[in-house]
Amino acid sequence: MTTTGGVNKKNHVICRRCGRMTYNPDKGYCSHCGFGRTSKLRAYSWSYKLDRKW
Ligand SMILES: [Zn+2]
């Protein structure tokens, strides 16, 4: 029985939106761009600052 030392679990697959291996089918969303969790691109408050001039 091997419980450690193996990476057989596919925790991340290629995301359809950002193309990175960061889509988590278990959770149902991409940890990079947030695909599956939000319809918009994952955005932070600091990115809004870049977009909008406060
Ligand atoms: Zn993604």
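**A walk through a small β-β-α model**

Let's start at H12, which sits in the segment before strand 1, the strand that covers residues 23-24. Keep in mind as you look around that this is a predicted model. Along the sequence the chain reads β-β-α, with 2 strands and 1 helix in total.

Before going further, a word on how far to trust what you see. The mean pLDDT of the protein chain is 75, and 54% of the residues reach at least 70. Confidence peaks in strand 1, at 94, and bottoms out in helix 1, residues 45-51, where the mean is 55. Where pLDDT is low, the predicted coordinates should not be read in detail. With that in mind, we'll stay around the strands and the segment before them.

Back to H12. Is this histidine buried, partly exposed or exposed? H12 has 17 C-beta neighbours inside 10 Å, and because burial takes 20 or more while exposure means 12 or fewer, it counts as partly exposed. Setting aside neighbours within four places in sequence, H12 is in contact with M21, T22, Y23 and N24. H12 also has C30 across from it in space: the two are 18 residues apart along the chain, yet their C-alpha atoms are separated by 8.2 Å.

One of those partners, Y23, is a good place to go next. Again leaving out neighbours within four places in sequence, Y23 contacts H12, V13, I14 and C15, and also C30 and F35. Three of these names come back in the core. Which residues make up the largest nonpolar core? Y23 belongs to it, together with C15, C30, C33 and F35, which gives 5 residues. Over the whole protein chain, 9% of the 54 residues count as buried.

Now look at R20, which also lies in the segment before strand 1. R20 has 15 C-beta neighbours inside 10 Å, so it counts as partly exposed. Beyond the residues up to four places away in sequence, R20 touches C15 and H32. That links R20 to a member of the core, C15. Another core residue, C33, is 13 residues along the chain from R20, with 9.0 Å between their C-alpha atoms.

Two lysines show the exposed side of things. K10 is in the segment before strand 1, and it counts as exposed because it has 10 other C-beta atoms within 10 Å. Its C-alpha is 9.0 Å from that of D26, a residue 16 positions away in sequence. K27 is in the loop between strand 1 and strand 2, the latter being residues 29-30. With 12 C-beta neighbours inside 10 Å, K27 is exposed as well, since 12 or fewer is the cut-off. From K27 you can look back to where we began: the C-alpha atoms of K27 and H12 are separated by 9.7 Å, with the two residues 15 apart along the chain.

Finally, how do contacts spread along the sequence? Among contacts in the protein chain with a separation of 6 or more, residues 24 or more positions apart account for 0%.

Definitions and conventions
Residues are numbered from 1 along each chain as its sequence is written. This is a predicted model: local features need pLDDT of at least 70, side-chain atom pairs count only at pLDDT 80 or more; totals for chains, interfaces and linings use all residues. A nonpolar core is a set of buried Ala, Val, Leu, Ile, Met, Phe, Trp, Tyr and Cys residues joined through C-beta atoms within 7 Å. Two residues are in contact if their C-beta atoms, placed from the backbone, lie within 7 Å. Helices (H or I, at least four residues) and strands (E, at least two) are DSSP runs, numbered from the N terminus. pLDDT is the predictor's confidence in each residue, from 0 to 100.
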